[in-house]
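Here's a quick walk through one model, aimed at someone who likes to check the backbone by eye. Have a look at the structure first.

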Amino acid sequence: MITDKEKAELAKFSYYKNYKEGLIPSPKMMDLVCETQLAALGDFVPLKIKIKLGNFKKEISKYDGKWVPYLAREGEQNDRQGLNYVGLEGDTPYDSISLPEVRKRTGKLLRETDFTVPTELFETLPSLKPITSIWPTLGRCTLVKVNKGGWFPYHRDSVLINRNTFRIIAFLTNTGHESYQWEHDYALRNIEEGRCYYVNTQKAHRTHSYVHDSIHLVMNVPKTFDNILRTMDLLKHGET
Ligand SMILES: [Fe+2]
C-alpha cells in the first residue's frame, strides 16, 4: 500500500537537485547510441511475435485466485493485480510485483537490472517463451492483470536516457480495442491482441480496462546495443 504521506514525498523529487547532488549520473556515450537507435524505431512498435492465446489461457488458469494486488494506493479503488515473472533470488510468482513495493520490502534502491531470476512462471507458462527467450538475460518482468474499471494513471517509466533497460510488452488476453485502451504520448494506440511490441514507456502513458482479465506481460530488457539489434530482427515492418 502506497500511503498519502509517501505520495507527497515522491512529489517532492527534483531531477535537477538530485543531479547536482550526484545522485543522478550523466548519460554515457553508449546511452546516446542506444537511445538514438531505439528512437529511430518509433515508440509503439509491433514485433513479428504473437503469443498463442488459447495456450496461454489454459496455462494461466492454474493461477486463478492467486494474483497479487498491484500497488494499492490509499483511498483508491483500482482492480489490478500482478504475478512476478523475473524477480529476485528466491522470489515466487507472488513477490516483487512492482518496483516501489519491492524497494519498500527490501529497503534497497533496486534497479530493473537487479532482477534477474525467472520464477516458476518461466516454465509453467511455455506459451510466453517465443518472446521471453529472445534475449540472453532479462531484467524485472511482471504479468499485469487489469480488471473491469482498473487503470494506470498518466506516468512515465525511467525517463532519463541513462535508463538501463527498455520495455517490451506482450499484449495477452482481452487487450483489443473493445476491452482495453492504452493511451501513449496523448493519443490512443492500436493494439493487436496477442502481439508483442517495443514500447517507449518514457513517453507519458495511461491505460484502462473495460473488462475483467485484461492481461499483459511487461518485460525489461537490458539496454545494450546487441539487445537492440536482437529486437530489430523482430520488427513486423522491417527494411525488407
Ligand atoms: Fe508504465
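What follows covers a helix, a sheet and a few loop residues.

This is a predicted model, so read every value here as computed from predicted coordinates.

**A helix and what comes after**

Let's start with helix 3, which takes in residues 29-41. How far should its 13 residues span at 1.5 Å a residue? The expected figure is 18 Å, and the C-alpha atoms at the two ends sit 19 Å apart, so the two agree. Right behind helix 3 comes Gly-42, with a positive phi near 120°.

**The open sheet**

Next up is a sheet of 4 strands. The sheet is open, its strand order is 6-11-8-9, and the pairing is antiparallel. Which strands stand at the edges? They are strand 6 (151-155) and strand 9 (187-188); each has a single partner strand, so one side of each has no neighbour in the sheet. As for how strands like these hold on to each other, strands of a sheet pair through backbone hydrogen bonds, in either a parallel or an antiparallel way.

Zooming in on one pairing, strand 6 and strand 11 (residues 205-209) run antiparallel and are joined by 3 bridges. If you want a spot to click on, Phe-152 is opposite Thr-207 of strand 11.

**Three loop residues**

Now for the loops. Leu-88 and Ser-96 share one: Leu-88 is in the loop between strand 3 (80-87) and helix 5 (99-106), and Ser-96 lies in the loop between strand 3 and helix 5 too. Ser-158, meanwhile, belongs to the loop that links strand 6 with strand 7 (165-171).

Are these residues buried or exposed? The cut-off for buried is 20 or more other C-beta atoms within 10 Å, while 12 or fewer means exposed.

| Residue | Other C-beta atoms within 10 Å | Class |
|---|---|---|
| Leu-88 | 19 C-beta atoms | partly exposed |
| Ser-96 | 26 C-beta atoms | buried |
| Ser-158 | 18 C-beta atoms | partly exposed |

Ser-96 is worth a look for its backbone as well: phi is positive, about 50°, although Ser-96 is not a glycine. Ser-158 is another non-glycine with a positive phi, about 45° in its case.

What does Leu-88 touch, leaving out residues up to four places away in sequence? Its contacts are Ser-96, Phe-115 and Val-117. Ile-161 makes a handy reference point too: Leu-88 and Ile-161 are 73 residues apart in sequence, and their C-alpha atoms are 25 Å apart in space.

Terms used
Residues numbered from 1 in each chain as written. Predicted model: local features only at pLDDT ≥ 70, side-chain atom pairs only at ≥ 80, totals over all residues. Expected span 1.5 Å × (residues − 1). Pairing = 2+ DSSP bridges. Contact = placed C-beta atoms within 7 Å.
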